[in-house]
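Open your viewer, get comfortable, and take this tour one selection at a time. Each stop tells you what to pick and what you will find there.

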Amino acid sequence: MKYFLVSLCLLETFLHALAQCVPASEFQLEGDYLLGGLFNVHHDSDPVYHDRPEAIDCSSKPLVNSSYRRFQLMRFAVEEINNSTNLLPNVSLGYEIFDYCSDTRTFPSIFKLISDNNDLIQPGGEPHKNRSKVIAVVGASTSTQSLTVAPLFTMNLLPMVSFGSASSVFSKKQNFPSFLRTVPPNQVTIEVIVNILQHYNWRWVAFLYIDDDFGRDGLKLFIKRIKDTAICLAFTQGLNQYTDYSQIFKHIEAQRIGIIIVFAPEWAAQPLLMSAIQLNVTNKVWIAVNTWSLNKKLPKEKGIKNIGTVIGFSEIALTIPGFRDFIYSSRSLTHCENAEFFFCNQACNCSSPSAEDVIAAEPTFNFYVYSAVYAIAHAVHNALQCGSGRCNRNITVYPRMVLTELKKSNFTILNQSIRFDENGDPNYGSFSIIFWNQSGDAEVIGFHNLHPPFHFFINDSKMQWYTEGEAPTLPCSPECRRGYAKKYNGIHKCCFDCEKCPTGTYVNSTEDPYKCINCKETEWSAAGSTSCNLRVVEYIPFTDSGAILIMVGASALVGLTLATSVLFAINYNTPVVRSAGGPMCFLILGCLSLCSLSIFFYFGKPTIAFCILRFLPFLLFYTVCLACFVVRSFQIVCIFKMAAKFPKLHSWWMKYHGQWLVITVAFVTQALFLLIGYTYSPPEPYDDISWYPDKIILGCDIDLKASSGSVVLLVSLCSLCFIFSYMGKDLPKNYNEAKAITFCLLLLILTWIMFATVYILYRGKYIQTLNALAVLSSLYSFLLWYFFPKCFIIIFQSYKNTQEYFQGLIQNYTKTISQ
């Protein structure tokens, strides 16, 4: 409501001044069509509290030379157009310019102004017959000033072409349908700031902004723009006349911030930098926006070099031909140095800056003022259908007609093509990237195209840093070393601790520097890695030397069992063969040969068939071997002990062939266990990735639950065999089958205990070789220590292989146990 009332006051005062302004004023010029101008020639830097409505004396405020220069540029542009034979050839432009020195308290009593000219504001319909000749307004200078007056000007679609209002809110045409601007909007300015930050990889920044609509809009856009970037906003503070600069710099130093963005006009940036000099703030990078980067006074201040490096951007410097001569000629016409007069409702001292002061003032926004005046002139030119050296004076030009032509602007001035987009924003131009060099000048080191084709360039070789070397990094936390991931330390992603990624993980700094990523199962990485390597796949091939030796041993075992079988067959009816088990010997030897088939499937790349055949023959046929030795041990005990004490039991065993019944039951039971277990969960290849971080060991996976029946049966048979054979350990020395079986079983148990121990400690590829060796040892233990001694007797001690010899041993043993 406050802005609306002040806006109403401004508009009525603006139009009312047509009849009351003193002709001699620089702020007024008669013409066929009038342009309004809103310039903050004076700046209300220290507003005083008022408890009642009263006029503000702008002349008592500080004069801003750069704003006064822009004010003169509008006058110069109008004069240049009026002297042109090509643009508006027979039409003159005039102007009414206001010194808009305060955002909210520039004008006197609002109610008096409304009552004087209450018929000048006419929403809708045709304008009043006594309408004002004002067809467009140049200005205002700031976003807050434009927000104050724009609603009233846009009510009747009176065009406003601002040269300094950059707030993004003006791009909303539903709210500001007649607002256009020649200054790039804040979105563009923020984009340039972010590009500079990203170019130098600066992330830990402070954002200081003017505490008004322009600054707050810039802050909002900056926060939105850096949301998905690595840039962190460490500190932010609005600047006004009450700002405590010492507290600002205390916060900045406490958070170790080295990059300070100053999003403010020159009158707000100047006291900030002067305070930095006085407070001995050093080694900072200051990013100057286009509103103060070309300040002429600050770069030459004593001590300015101590605060660090100032880098920024500005509009491309363009020399406007004739402007210097215009300033000198206009200053020479000023005679009343001490007199005072009223112009445009504002009392102002007639004394003005010297021509040198105006020419040397900061040139920011100069071209924007110049192009704004020319844009309106071209729009009027087109509305009047000017051509062939004349304009159609019979056409009544309304502001909305000028607005229509303004939106279609497409002309060239000073080699710059002037166009507006659908939001009324400039669709042209570029920024120069500058820094304040050692001489106190703004030196151009790059550029940034503001519209397609977008291009950003900085010549780093021209840059002079306070470090006298490379660009400072100035992070919150130093970058992590290679292979280290960032761990958040606080609320900002730029502040972190570094943690070394453990084995099996890696960090990809370009994708996510905050996470250690797990490698795939087929990959591995050492601690502190930035990528994963493929694991080495290992298994024992058939060509391995150890595998060849074991397979040769297995083949030799088959040959030896065959030779033993032949030898036993030839001597089948001898006491040694009969005592060894007779026909059962051939079953044992055959099963040992069949068990050796398993050994050949421990080598080569595992497949399902290999995994099944690796265990099936051994488990099935070794069960038969153990069952044979169980009944053989039992028979030995029965013959020499139970036959004497339990003759009927011995008779029953012999009559019904109990030994074959036990062997058959054991075989069938094991076969059923294997069938059920392999149907439920057959052995299959698996990749052992847990033992070595950089290797994959190929093996066969056995389901312990599915295989438990088979294993329990084997262990049970082995236990029974050991018990029975141990019971016969005191039999005759030369006829001690039980001792031989006991010794074989001890070797068998020792072999698998050793393998189990190694398996617990080692899981490399050679575990398959050791497993095959344990199987082969299990087979050789019976062949070597049970059958070979009998073969030795048959071949080399034939005298012991007689019926008389064995009868004598039995009789002696019987007498011994009977006594």
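Start by selecting Cys721: at 0% relative accessibility, this cysteine counts as buried, since the cut-off for buried is under 20%. Keep in mind as you look around that you are viewing a predicted model.

**Stop 1: two cysteines without a partner**

Next, select Cys595, which is buried too, with a relative accessible area of 0%. Cys595 takes part in no disulfide; the nearest cysteine sulfur belongs to Cys625 and is 4.9 Å away. Go back to Cys721 for a moment. Which cysteine sulfur is nearest to that of Cys721? It is that of Cys718, 6.8 Å away, and Cys721 is in no disulfide.

**Stop 2: a right-handed disulfide**

How many disulfides does the structure hold? There are seven, and we will visit some of them. Select Cys232 and Cys494 together: they form a disulfide, with sulfur atoms 2.1 Å apart. Now color by secondary structure. Cys232 lies in strand S8 (residues 232-239), while Cys494 sits in the loop between strand S19 (484-488) and strand S20 (496-500), so this pair ties together parts that are 262 residues apart in sequence. Turn the view until you can look along the S-S bond. The torsion about that bond is about 90°, so the disulfide of Cys232 and Cys494 is right-handed. If you switch on a surface, remember that both Cys232 and Cys494 are buried.

**Stop 3: a left-handed disulfide between loops**

Select Cys519 and Cys532, another disulfide, whose sulfur atoms are 1.8 Å apart. Cys519 is in the loop between strand S22 (512-518) and strand S23 (523-524), and Cys532 is in the loop between S23 and strand S24 (533-534); the two cysteines are 13 residues apart. The angle about this S-S bond is -80°, and the link of Cys519 and Cys532 is left-handed. Are these two cysteines buried or exposed? Cys519 has a relative accessible area of 15% and is buried, and Cys532, at 18%, counts as buried as well.

**Stop 4: a helix joined to a strand**

Now pick Cys611 and Cys700. Their sulfur atoms are 2.0 Å apart and form a disulfide. This pair links distant parts of the chain: Cys611 belongs to helix H16 (residues 608-645) and Cys700 to strand S27 (residues 695-701), 89 residues apart. With -80° about the S-S bond, the link of Cys611 and Cys700 is left-handed. Cys611 is buried at a relative accessible area of 0%, and Cys700 is buried at 12%.

**Stop 5: a helix to check with a ruler**

Select residues 65-82, which make up helix H2. Try the distance tool on the C-alpha atoms at its two ends: they are 26 Å apart. Why does that agree with expectation? At 1.5 Å a residue, the 18 residues of H2 should span 26 Å, so the two values match. Then show a surface over this part: H2 is mostly covered, with 14 of its 18 residues buried.

**Stop 6: a nonpolar patch on the surface**

For the last stop, select Phe667, Val668, Leu672, Leu675 and Ile676. Together they form a nonpolar patch on the surface, with about 460 Å² of accessible area. Zoom in on Val668, which lies in helix H18 (residues 658-680). Val668 has a relative accessible area of 40%, so it is partly exposed. While you look down the helix, here is a handy rule: an α-helix has 3.6 residues a turn, so residues three or four places apart point the same way.

Key. Residues numbered from 1 in each chain as written. Predicted model: local features only at pLDDT ≥ 70, side-chain atom pairs only at ≥ 80, totals over all residues. Heavy atoms only, no water. Helix = DSSP H or I, 4+ residues; strand = E, 2+ residues; numbered from the N terminus. Expected span 1.5 Å × (residues − 1). Buried < 20%, exposed > 50% of the residue type's maximum accessible area, 1.4 Å probe, protein only. Patch = residues over 30% accessible without salt bridge, like charges linked within 9 Å, V, L, I, M, F, W, Y side chains within 5 Å. Areas by Shrake-Rupley, 256 points an atom, 1.4 Å probe, with all protein chains shown as cover. Salt bridge = Lys/Arg side-chain N within 4 Å of Asp/Glu carboxyl O. Disulfide = S-S within 2.5 Å.
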